[in-house]
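Here is a report on a structure with more than one part. Start with the view below, then read on.

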Amino acid sequence: VLILQRKIGQAIRIGDNVEVVVLAVSGDHVRLGIEAPREVRVLRHELVQEVEAVNRDASAAAQAPPASLGAVLGAITPHRPPPLQ
Amino acid sequence: MPTESDLPPSARDSQQSHSIEVLRFGRQEPLEVTAGEVLTFPHGLVGMEHLRQFVVVEDPRVYPCRWLQSLQDPALAFLIVEPVVIAADYRLDLPDQDRRDLALDASASAEPSPATASGESPAFDVWVIVTVRPQPEQSTANLLAPVVVNRERRLGKQVVMHESGYSLRHPLAAPDAPGQNPAVAAPAPREDGRADPPA
């Protein structure tokens with residue numbers, strides 16, 4: 001792991017075209033400015049973890065659907081009832 | 001009608017099928033998979049990057065949902081549904097990188113409409129993953145990170161639309177959720193028409 005020390009207003013550059021600037025520090029909050037090309041997606045780490053958690057929950061629920069499945073499907077069924085089994 | 005031997009090798013390959021044993025409702029059951037319907041997810045799903053091969057399976061038992069079935073892990077599947085069923089005004093915003101990953105050119109429509117007026121199909125399908133909870137009203141759909149599939153190229157990706165304002169856990173039947181399916185909840189009461197006080 002590379003560890004760098006930066007002051008407010010100083011930046012680091014990642015690769016050829018990503019720049020991260022320290023904009024402000026207040027208590028345990030750091031405000032960062034990130035300049036990157038459109039195709040580089042910048043996501044908060046927690047968001048990625050949340051998507052992972054939702055995927056895990058969804059797959060676990062699909063593996064053994066609860067008895068509520070019928071009610072849930074009925075609630076989202078558009079226009080016509082589900083085909084007979 | 002060409003016989004199978006008349007077809008070029010690629011078409012024949014795409015029609016080859018095999019059977020796998022998948023887990024449905026806690027029980028094993030066979031699923032016939034045709035090579036041509038296999039979807040490749042070069043990046044897997046978020047948090048499941050190793051799972052690259054899926055098929056979308058129709059099943060009357062889960063209508064209007066379908067299964068997004070992993071071929072590498074037969075016990076792993078997701079319930080997916082067209083977002084329009086959950087949120088009539090759902091909008092897909094595909095960043096450039098995602099378009100590239102899906103081999104979609106920039107001219108591809110960003111509207112996940114089921115079909116255009118001319119009957120022409122869009123280049124891709126959009127699905128949202130559903131989480132069914134024991135309490136039906138706690139069941140949710142992941143509108144923030146839909147699964148997008150380039151139908152022609154058989155490529156898929158889970159797209160994280162972090163600036164969309166959509167929820168990872170959008171209630172399926174919340175009475176006050178925007179973009180709800182009107183069939184799900186009671187009609188929203190009209191505001192009483194009180195206007196903002198004049199400035």
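## Helices and the interface

Helix α1 (residues 45–63) of chain A has 19 residues; at 1.5 Å a residue it should span 27 Å, and its end C-alpha atoms are 27 Å apart, which agrees. The expected span is 1.5 Å times one less than the number of residues. Helices (H or I, at least four residues) and strands (E, at least two) are DSSP runs, numbered from the N terminus.

This is a predicted model, in which local features need pLDDT of at least 70, side-chain atom pairs count only at pLDDT 80 or more, and totals for chains, interfaces and linings use all residues. Residues are numbered from 1 along each chain as its sequence is written, chains are lettered from A and ligands numbered from 1 in the order in which they are written, and side-chain values use heavy atoms, with hydrogens and water left out.

Two helices of chain A have buried residues (under 20% relative accessible area; exposed is over 50%, partly exposed in between; 1.4 Å probe, protein chains only).

| Helix | Buried residues | Arc |
|---|---|---|
| α1(A), residues 45–63 | L47(A), V51(A), V54(A), N55(A), A58(A), S59(A), A61(A), A62(A) | 165° |
| α2(A), residues 69–76 | L69(A), V72(A), L73(A), I76(A) | 95° |

The arc is that of the directions from the helix axis to the C-beta atoms. The buried residues of α1(A) fall within 165°, so they line one face of the helix. Those of α1(A) pack against β5, β6, β7, β8 and β9 of chain B. For α2(A), the cover includes β6 and α2 of chain B. In that α2 of chain B lies I86(B). I86(B) counts as buried, at 2% relative accessibility.

How many residues of each chain are in contact? Chain A brings 36 and chain B 46, where contact means heavy atoms within 4.5 Å. The area buried between them is about 3,500 Å², and carbon and sulfur atoms give 67% of it. Buried area is the accessible area (1.4 Å probe) that two parts lose on being put together, summed over both. In chain A, R41(A), N55(A) and I76(A) lose the most area to chain B, together 17% of what that side buries.

Two salt bridges are counted between the chains. Each has a side-chain nitrogen of Lys or Arg within 4 Å of a carboxyl oxygen of Asp or Glu. D57(A) and R133(B) meet in a salt bridge at 3.1 Å, N to O.

Confidence comes last. The mean pLDDT (the predictor's confidence in each residue, from 0 to 100) of chain B is 80. The model scores ipTM 0.75 and pTM 0.76.
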